[in-house]
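Hi,

Here is the structure I promised to pass on. Have a look at it first, and then read my notes below.

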Amino acid sequence: MGRMIDEYLDFARGDAGEAPESVDLNALLDDVATDYRRSARDVVYASGPSVRLMIRPYAMRRALMNLIDNALRYGGNTAMLTLEQSLTFVRIKITDHGKGIPEADHETVFKPFTRLEPSRNALTGGVGLGLSIARAIAQSHGGDSTLEKQRNPNGEVTGLEVTLRLPRPVQPVI
């Protein structure tokens, strides 16, 4: 019960009070992945492009950790991080090798306290706030979070990919 209350209070507080900073997302992702590997967790990040955004770094770290924790818990004990960029957006992808989430539940799981794992055992599931917090943080940065099942060429599900999509400021042409 204490863990649930702590998680709810963190959710309710959000990232209020933290000032945005210019952060190299490549360095942030590398740092997060390194922290997991130090604790013998299988999180893979192949260094990506250097992309600087104005973000609240502790909030973004929290969003990433919630998504990675879910990938490790439900997705085969491995999480792969990818950083992609376009002219207008940056995408941070967290991919696992689990059975995924039924497509009918892709929006439902972002609602606070939603758990697809039916037991009440804290060892097999959280309190249902991880995805809600991650999406709220992405939205507070002007972005969003989405889910997509990963499939092999035969159409079989090979995992789940969660994408944090964050806007990039448009650079003027000089």
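Which side chains of strand β2 (residues 42-45) point to one face and are buried, and which point to the other and are not? Val43 and Tyr45 are the buried ones, on one face, while Asp42 and Val44 point to the other face and are not buried. By "buried" I mean under 20% relative accessible area, with exposed over 50% and partly exposed in between (1.4 Å probe, protein chains only). The general background: side chains in a regular strand alternate between the two faces of the sheet.

Before the rest, some housekeeping. The model is predicted, with local features needing pLDDT of at least 70 and side-chain atom pairs counting only at pLDDT 80 or more, while totals for chains, interfaces and linings use all residues. Residues are numbered from 1 along each chain as its sequence is written, and side-chain values use heavy atoms, with hydrogens and water left out.

Overall layout: the protein has four helices and seven strands, in the sequence order α-β-α-β-β-α-β-β-α-β-β. Those are DSSP runs numbered from the N terminus (helices are H or I, at least four residues; strands are E, at least two). Of its 174 residues, 41% count as buried. The protein exposes about 9800 Å², of which carbon and sulfur atoms supply 54%; the areas come from Shrake-Rupley with a 1.4 Å probe, and for residues only the protein chains shown count as cover. Taking contacts (heavy atoms within 4.5 Å) with a separation of 6 or more, 66% are between residues 24 or more positions apart.

Back to β2. This strand pairs with β4 (residues 78-85) in the parallel sense, over four bridges, where pairing takes at least two DSSP bridges between the strands. Val43 has Ala79 of β4 as its bridge partner.

Now the core. The largest nonpolar core holds 37 residues, and Leu25, Leu64, Ile68, Ile92 and Ile94 touch the most other members. Such a core is a set of buried Ala, Val, Leu, Ile, Met, Phe, Trp, Tyr and Cys residues joined through side-chain atoms within 4.5 Å. Elements giving two or more residues to this core include α2 (25-38), β2, α3 (57-74), β4 and β5 (89-95). With eight residues, α3 gives the most. Leaving out residues up to four places away in sequence, Ile94 touches ten-odd side partners I'd rather list by name, among them Leu64, Ile68, Ala79, Leu81 and Val162. Scratch my loose "ten-odd side partners" there: the names are what count, and Ile94 also touches Leu67, Ala71, Met80, Leu160 and Glu161.

Next to Ile94, what about Lys93, buried or exposed? Lys93, in strand β5, counts as buried at 15% relative accessibility. The side chains of Lys93 and Glu84 are joined by a polar contact of 3.3 Å (N or O atoms within 3.5 Å; within protein, one must be able to donate a hydrogen and the other to accept it, and residues adjacent in sequence count only if both atoms are side-chain atoms).

Last, two backbone oddities. Ala40 has a positive phi of about 60° and Asn77 one of about 65°, although neither is a glycine.

Cheers
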